[in-house]
Amino acid sequence: MSKVVVVTGAAKGIGAAIVQRFLADGWSVGALDICAQEGGDRVLPLIADVSNRAEVDTAVDAVIARFGQIDALVNNAGIILRARVLDTTEEDFERTWRVNVGGVFHCTQAVAPYMVARGEGHIVNISSGHALIGGYDRAVYAMTKAAIEAFTRNCARELGGSGILVNAVSPGFTYTEMSRESLVGERKARVEKRLPIRRIAEASEVAESVFNLATGKIPYMTGHVLRVDGGWSNSDVDYGQLGN
Ligand code: NAI
């Protein structure tokens, strides 16, 4: 029987690339998203809003009913909030927090018991360079990503004794729907000039690291944040100078 991964935010961008990477290795995938997706022999598409615990539970139950087990969970679903602190509404704050942080919490709580029961599993949470690097118009988004990194370290300690490794991948500038509109023209050129690797990542490159972590190809590592960012976190890219 093939191994099984649950990927959230699976319909587009980095999540879709993660799904493709697992499928290429013969895994079965429970693909959660708020958007509809195509199914297949080894893909179970599930409409679920990760901010809603009941929807997450229903989706995870469906994955277990179809595939029988869950070997890996990738908490990828996330939304960006581009707004300065003083302009951020309570509604935007709540929504961003509930999706980005609530989603990771809900899916971990729903999936981890199945891993605990079998004494093995991998959880990979998707953070962002903004967890580490101050910006100018995304404080709440950055705050949610820092929370995900803290949650990753705590889950690693709590779940390690049950054979579950919990890590995070922190992408940098990556071409997806979320970022494509802002990574064009002069702005793109300015980012690329300052990035040590001199180019923006493709989603498949982030997916490769997620896959390696979630399949134990990087052994004996837990509670770690892998920064797959072309060196952004070690560079002088100043977000405020990029212009929005
Ligand atoms: P995207 O916007 O291209 O795709 C996100 C996917 O998540 C979409 O399919 C969307 O429908 C789904 N989604 C949104 N809200 C959801 C919810 N409440 N429940 C279930 N699914 C939901 O975004 P992208 O760029 O692929 O981002 C994926 C992750 O990577 C996010 O956590 C993001 O914060 C992170 N990231 C992205 C970077 C980038 O440059 N694109 C850089 C750093 C981090």
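The following exercises, each with a worked solution, concern the pockets, cavity, ligand surroundings and selected residues of a predicted model.

**Exercise 1. The largest pocket**

Task: State how much space lies in the largest pocket, and identify the residues closest to its centre and the elements that contribute to its lining.

Solution.
Step 1. The volume of the largest pocket is about 910 Å³.
Step 2. Its lining consists of 43 residues, and those closest to the centre are Gly78, Ile79, Ile80, Thr176 and Met178.
Step 3. Two or more lining residues come from each of helix H1 (13-24), strand E2 (28-33), helix H3 (90-118), helix H4 (139-160) and helix H5 (177-180).
Step 4. Sorted by class, the lining of this pocket comprises 19 nonpolar, 15 polar and nine charged residues.

**Exercise 2. The second largest pocket**

Task: Determine which residues line the second largest pocket and which elements supply at least two of them.

Solution.
Step 1. The second largest pocket holds about 170 Å³ of space.
Step 2. Its lining is made up of Phe105, Thr108, Gln109, Ala112, Pro113, Phe151, Asn154, Cys155, Glu158 and Leu159.
Step 3. At least two lining residues are supplied by H3, and at least two by H4.
Step 4. By class, six residues of this lining are nonpolar, three are polar and one is charged.

**Exercise 3. The cavity**

Task: Find how many cavities of 30 Å³ or more the model contains, and describe the lining of the largest cavity.

Solution.
Step 1. The count is one cavity of 30 Å³ or more.
Step 2. The space in the largest cavity is about 30 Å³.
Step 3. Its walls are formed by Thr8, Val50, Asn75, Asn76, Ala77, Val99, Gly103, Val104 and Cys107.
Step 4. H3 provides the largest share of this lining, with four residues.
Step 5. The lining of the cavity includes five nonpolar and four polar residues, but no charged ones.

**Exercise 4. Surroundings of the ligand**

Task: Name the residues closest to the ligand, and say which ligand atoms pair with Ile14, Asp49 and Val50.

Solution.
Step 1. The ligand is surrounded by 29 residues, of which Ile14, Asp33, Asn76, Tyr141 and Thr176 are the closest.
Step 2. For Ile14, a backbone N or O atom is 2.8 Å from an oxygen atom of the ligand.
Step 3. For Asp49, an N or O atom in the side chain is 2.8 Å from a nitrogen atom of the ligand.
Step 4. For Val50, a backbone N or O atom is 3.0 Å from a nitrogen atom of the ligand.
Step 5. Two of the residues named here return from Exercise 3: Asn76 and Val50 are among those that line the largest cavity.

**Exercise 5. Thr215 and Glu192**

Task: Decide whether Thr215 and Glu192 are buried or exposed, and list their contacts beyond four places in sequence.

Solution.
Step 1. Thr215 is located in the loop between helix H7 (203-214) and strand E9 (225-228).
Step 2. Thr215 is classed as buried because its relative accessibility is 17%, under the 20% limit.
Step 3. The side chain of Thr215 comes to 2.6 Å from the backbone oxygen of Phe211.
Step 4. With residues up to four places away in sequence set aside, Thr215 touches Phe22, Trp27 and His122.
Step 5. Glu192 belongs to helix H6.
Step 6. Glu192 has a relative accessibility of 17% and therefore counts as buried.
Step 7. Apart from neighbours within four places in sequence, Glu192 contacts Tyr175, Arg198, Arg199 and Ile200.

**Exercise 6. Residues with positive phi**

Task: Establish what is unusual about the phi angles of Arg198 and Tyr220, and whether these residues are buried or exposed.

Solution.
Step 1. The general expectation is that most residues other than glycine have a negative phi.
Step 2. Arg198, which is not a glycine, has a positive phi of about 70°.
Step 3. Arg198 sits in the loop between helix H6 (185-194) and strand E8 (201-202), and its relative accessibility of 52% makes it exposed.
Step 4. Tyr220, likewise not a glycine, has a positive phi of about 60°.
Step 5. Tyr220 is found in the loop between H7 and E9, and is exposed, as its relative accessible area is 85%.

**Exercise 7. His130**

Task: Locate His130, classify it as buried or exposed, and give its separation from Leu183.

Solution.
Step 1. His130 lies in the loop between strand E5 (121-126) and H4.
Step 2. Its relative accessible area is 8%, so His130 is buried.
Step 3. His130 and Leu183 are separated by 53 residues in sequence and by 16 Å from C-alpha to C-alpha.

Key. Residues are numbered from 1 along each chain as its sequence is written. This is a predicted model: local features need pLDDT of at least 70, side-chain atom pairs count only at pLDDT 80 or more; totals for chains, interfaces and linings use all residues. Side-chain values use heavy atoms; hydrogens and water are left out. On a 1 Å grid over the protein atoms alone, a cavity is a set of points where a 1.4 Å probe fits but cannot get out, and a pocket is an open set with protein on both sides within 12 Å along at least five of seven lines; lining residues have an atom within 4 Å of a point. Grid points are joined across faces, edges and corners, and a volume is the space filled by probe spheres set on the points. Ala, Val, Leu, Ile, Met, Phe, Trp, Tyr, Cys and Pro count as nonpolar, Asp, Glu, Lys and Arg as charged, and the others, Gly among them, as polar. Buried means under 20% relative accessible area, exposed over 50%, partly exposed in between (1.4 Å probe, protein chains only). A polar contact is a pair of N or O atoms within 3.5 Å; within protein, one must be able to donate a hydrogen and the other to accept it, and residues adjacent in sequence count only if both atoms are side-chain atoms. Contact means heavy atoms within 4.5 Å. A residue is near a molecule or strand if one of its heavy atoms lies within 4 Å of it.
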